[in-house]
Amino acid sequence: MRDGRWRAVGRALWRVIAVWAVSTVTMLALAGILPDFKLQSDDGDSATRIAITAALGAGAFGLLSALVWPLLVRALLLVPALVLGLLNFFLNGSLLLLALRLIPDGRGDANAETAVVVAAVMSAVASATGGALAVRDDDAYRRRLYRLADRRRRRAHGAHGPSTPGILFLQLDGVGHDVLQDAVRKGLMPTVARWLGESESESERETKAGNESLTGTGSLTGTRPPRDLTPAPPPTHRLTPWRTDWSSQTGASQLAILHGSNFDVPAFRWYEKDTGEVMVSNRPASAVELQRRAVARTGDRGLLAEDGASRGNLFSGGADQLALVLSMAARRGKRNRSRAGYFAYFSDPANAVRTALSFVAEVGREIGESTRARLCKRRPRVSRGGLYPFIRAFATVVERDVVVAAVIGDMLAGRAAVYADLVAYDEVAHHSGPTSGDAERVLRRLDRSLALIEQVADHAPRLYRIVLLSDHGQSPGETFRARYGLSLADLVRAGCGLPVPRRAGRTHSGAEARSAVRAALRRPVEEGAGEHRPGRRAEPIVLASGNLGLVSFPDVPHRMTREEIDRRHPALLPTLANHPGVGFLLVRSAEHGPLVLGARGAELRLDEDGSGGSGGPGPLDDFGPGAADAVRRTDSFPHTADIMVNSWYDPEDGEVLAFEEQIGSHGGLGGAQSRPFLLSPLALSPAAPDGGELVGAEAVHAVLRRWREEECGHGARVRATVAEADAAQVSGPVAAADDCLRQAPPPTAFPAADHAVQDKTS
């Protein structure tokens, strides 16, 4: 511990010296540029003397800024923000003039206007330098939070926090069960490895030993060195896989996890015939409506209804403390200003510099990686130009930093339950691939965030159980368009006899579709006046959600049956079902109910006994156990599309074909996308006590709610080491169980979370 403190002191001293040196150089440069700013006497000085003068001036200015500036800001808290922003420049200039007056022999001098400019430049350079040196120093960041927490505790007169444990739910968006295990095995996530009882050193030793045995560098004789038999630490968590619904995407999964129901969420985006609207899960207006429907169906506010906080999620979970929650973004009010959570975080200059520099670095990293992929002609590959580098940097840096800061603030405030979503991996894996080097680097950085949160939890006013989970995985594979030269919408239009782009019409798939239409209609289908051209309202709406496609006919007010579709477009269903890029279709038959259609006439009747079919291999055989139940459940939704299209899936390679421009996709059935994970402390009951499989996000909600209730029931014995005076205030387990979800936490120890709580932001 003492060695760690000395190392921390050494790093802090190094940063101070580095900032001082850069400020000195900056002052020298400005003295050479600005005629009204001088660092020498009227008779002139040597270069050494001028450098000493600059060093003294920079040091005095830095010292005054550190000591006097916080007092000035506190004294000016009642000044309007705009006026304070303008005063900032003049106050900095005044501090610089005072610093120059402190230089011996009056060698420093500047007029008022020049002092304002010099002070502004030096402050910016000093902040950038200090931030750059501390960007990857989580220890410095954590120590700063500890100081803030200690101040708040002293203001609370030393009162102890709640006696019951809190639960922190951290969602690693898009990280599948197998991806997590591989990351642990490769040593990418040492924090998770330690929770599972496999230390980072063990993973690295195995990798290193394997490399040495291949290269003969293990020793002078080329033999493998003896293996370190140091035992791994005991596990603190258990890893449990679970299976998603057919719609394996954040909108459906997180809605059910937080609110207990994802009924009538057939995909990430879908068309609703009764309203004529396209619902999109990550659109604020749609998120509000989906949350309203879930609450109305369950009659419950959500998982976080009692003393909970929701950070960076699509939905609120019923929490009162909200920051960066999409379902609240559409609401405008005095206490709920959109994006104020970002403003609260960036109001701290240290946060702003730390995140801004990381943002720039991430943009450069993405441009470099995409350029390398294009030059090396990697396959599969999608376009990563335009604004995407900035979108990626926002997800992997800005949103991560803001959410982690808010979570830390919630822990230091002692909230009973926090649910936060970290979306960095999902965003990168879509464009770089789920197992790419880019994605692995994101996992490494996410693990560092987990380590920071875990360490801060030691200073929280209550014990915290950290639960790690994901909402879905990702399945690799090239896009449908890249493989066949046309999109799903082009294929549907061709199957309906509608005109398609000339490029798509010349592809093999387009030619086959047109031939099928010609055969079904028993007449030629040629370009020109003889072509069957339904009116605009008859044209289908085709939407994509990963490797799941939805086809709806908006001019028909009800869900069309198979018989109606065949009468209207006799070639459409055969064209889709027999296409090599399509795995299966879901339609509803007026005679047989829900039907799953596959290639070469394969059918599966999803009636009560699941009977029926063509006698050959079933269209769902490759998609694993539970596929029929997942499809059957989706068929029961009121807003299921007329035709649901799931892409081809290769069970050997785990690849699918995305209908969107993604080489790592999710949204349908097939592969790792349907197999996320739940990593829970051993102190909590097993997620599946009977050893069975967790199926569906609604089942995960039941598990998380059970854990919250368990912690309340065991609250009286959680803090056995608390002082006797505190124990006397707790009447027993029953009282603790009744009160644990109603305890109001103290003010947040982190400024960003303070503002987020006050603003109820989204």
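Between which two elements does the loop that holds Thr561 lie? In this predicted model, Thr561 is placed in the loop that runs between strand β13 (548–552) and helix α20 (562–568). With a relative accessible area of 16%, Thr561 is buried, because residues under 20% are counted in that class. When its neighbours within four places in sequence are left aside, Thr561 is in contact with Arg588 and Ala590.

A second loop residue, Arg415, is found between helix α13 (388–413) and strand β9 (417–422). Arg415 is likewise buried, its relative accessible area being 4%. The C-alpha atom of Arg415 is separated by 7.4 Å from that of Ala309, although the two residues are 106 residues apart along the chain.

These two loop residues belong to a protein chain that contains 26 helices and 22 strands. Of the 762 residues in the chain, 51% are buried, and the chain exposes about 34400 Å², of which carbon and sulfur atoms supply 57%. Among the contacts between residues at least 6 apart in sequence, 73% join residues at least 24 apart.

Helix α10 (residues 284–298) may be described in further detail. This helix has 15 residues and reaches 21 Å from its first C-alpha to its last, a span close to the 21 Å expected at 1.5 Å a residue. Within α10, the residues Ser286, Ala287, Leu290, Gln291 and Ala294 are buried. These residues lie on the same side of α10, because the arc that they cover around the axis is only 130°. An α-helix has 3.6 residues a turn, so residues that are three or four places apart point the same way. The cover over the buried residues of α10 includes helix α9 (250–259) together with strands β5 (269–272) and β6 (277–280). On the face of α10 that is turned away from this buried side, the residues Ala285 and Ala296 are exposed. Helix α10 is followed by Gly299, which has a positive phi, near 70°.

Towards the beginning of the sequence, Ile17 is found in helix α1 (residues 2–33). Ile17 has a relative accessibility of 42% and therefore counts as partly exposed, a class that lies between the limit of under 20% for buried residues and that of over 50% for exposed ones. Together with Leu13 and Trp14, Ile17 makes a nonpolar surface patch of about 340 Å².

Conventions. Residues numbered from 1 in each chain as written. Predicted model: local features only at pLDDT ≥ 70, side-chain atom pairs only at ≥ 80, totals over all residues. Heavy atoms only, no water. Patch = residues over 30% accessible without salt bridge, like charges linked within 9 Å, V, L, I, M, F, W, Y side chains within 5 Å. Areas by Shrake-Rupley, 256 points an atom, 1.4 Å probe, with all protein chains shown as cover. Salt bridge = Lys/Arg side-chain N within 4 Å of Asp/Glu carboxyl O. Helix = DSSP H or I, 4+ residues; strand = E, 2+ residues; numbered from the N terminus. Buried < 20%, exposed > 50% of the residue type's maximum accessible area, 1.4 Å probe, protein only. Expected span 1.5 Å × (residues − 1). Arc of directions from axis to C-beta. Contact = heavy atoms within 4.5 Å.
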